[in-house]
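Colleague: I would like to learn how to read a model such as this one, feature by feature. Could you take me through it, giving the general idea first and then the case at hand?

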Amino acid sequence: MFIATTSANLCQYYSVGLKTTHFWGPVANWGFVIAGLSDMSKPPEMISGNMTSAMCVYSALFMRFAWAVQPRNYLLLACRASNETVQLYQLSRWAQYEYGG
């Protein structure tokens with residue numbers, strides 16, 4: 001029996017396809033990156049140092065998870081690396097405002 005493999009079938013059954021959490025989890029987490037980017041235009045006195053630090057630790061831990069999980073989740077890794085970059089920038093803005101450095 002011949003089974004036609006189409007791109008729709010591959011997406012449906014592939015372990016990191018469109019119907020898995022390997023895809024939708026990272027897509028949803030891009031909201032953190034978008035929120036961080038939109039906060040760049042806000043004044044630094046509105047930045048919470050504690051929350052931004054927590055987001056930095058969270059992103060760093062989940063970058064490690066995205067690399068360690070099998071199959072590797074490159075979409076989550078890219079999302080977490082982007083969020084880490086944005087949050088570190090926000091943390092530097094907060095520290096410069098708070099400590100005058």
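Modeller: Let us begin with the pocket, bearing in mind that this is a predicted model. The lining of the largest pocket draws at least two residues from each of helix 2, helix 3 and helix 4.

Colleague: Which helix gives the most to that lining, and with how many residues?

Modeller: Helix 2 does, with 4 residues. The lining comprises 14 residues, and those nearest the centre of the pocket are Gly36, Asp39, Thr52, Gln87 and Gln90. By class, the lining divides into 7 nonpolar, 5 polar and 2 charged residues, and the space in this largest pocket comes to about 260 Å³.

Colleague: Before going further into the parts, what pattern does the protein chain follow along the sequence?

Modeller: The pattern reads α-α-α-α, with 4 helices and 0 strands in the protein chain. Of its 101 residues, 26% are buried. To see how the chain comes together, one can look at contacts by their separation in sequence: among the contacts in the protein chain with a separation of 6 or more, 70% are between residues 24 or more positions apart.

Colleague: How should I read the length of a helix, taking helix 3 as the case, and why does its span agree with what is expected?

Modeller: The idea is to set the rise per residue against the distance between the two ends. Helix 3 runs over residues 49-68, and at 1.5 Å a residue its 20 residues should span 28 Å; the end C-alpha atoms are 29 Å apart, which agrees. The comparison can be repeated for helix 2, whose 19 residues reach 27 Å from first C-alpha to last, close to the 27 Å expected, and for helix 4, where 26 residues reach 37 Å, close to the expected 38 Å.

Colleague: Which residues of helix 2 are buried?

Modeller: A burial pattern is read by asking where the buried residues point around the axis. In helix 2 the buried residues are His22, Pro26, Asn29, Val33 and Gly36. Viewed down the axis of helix 2, these buried residues fall within an arc of 80°, so they line one face of the helix. The face turned away from that buried side carries the exposed residues Trp24, Ala28 and Ile34, while helix 3 and helix 4 are among what covers the buried residues of helix 2.

Colleague: Which residues are buried in helix 3, and which are exposed on its other side?

Modeller: Gly49, Thr52, Met55, Cys56, Ser59 and Ala66 are buried in helix 3. Seen down the axis of helix 3, they fall within an arc of 120°, so they too line one face of the helix. Asn50, Val57, Leu61 and Arg64 are exposed on the other side of helix 3, whereas its buried residues pack against helix 2 (21-39) and helix 4 (74-99).

Colleague: Which residues of helix 4 are buried?

Modeller: The buried residues of helix 4 are Leu76, Cys79, Arg80, Asn83, Glu84, Val86, Gln87, Gln90, Arg93 and Trp94, and their cover includes helix 2 and helix 3.

Colleague: Does one judge a single residue such as Gln87 by the same route, and why does Gln87 count as buried?

Modeller: One takes its relative accessibility and compares that with the cut-off for burial, which is under 20%. Gln87 counts as buried because its relative accessibility is 8%. Leaving aside residues up to four places away in sequence, Gln87 touches Phe32, Gly36, Thr52, Met55 and Cys56. Gln87 is also among the residues nearest the centre of the largest pocket.

Colleague: Where is Pro71 found, and what kind of peptide bond joins Gln70 and Pro71?

Modeller: Here one reads the backbone angles rather than the side chains. Pro71 is in the loop between helix 3 and helix 4, and the peptide bond joining Gln70 and Pro71 is cis, with omega about -5°. Phi can be read in a similar spirit at Gly100, which follows helix 4 and has a positive phi, near 65°.

Conventions
Residues numbered from 1 in each chain as written. Heavy atoms only, no water. Expected span 1.5 Å × (residues − 1). Buried < 20%, exposed > 50% of the residue type's maximum accessible area, 1.4 Å probe, protein only. Arc of directions from axis to C-beta. Contact = heavy atoms within 4.5 Å. 1 Å grid on protein atoms, 1.4 Å probe; cavity = no way out; pocket = protein on both sides within 12 Å on 5 of 7 lines; lining within 4 Å. Points joined across faces, edges and corners; volume = space filled by probe spheres on them. Nonpolar A, V, L, I, M, F, W, Y, C, P; charged D, E, K, R; others polar.
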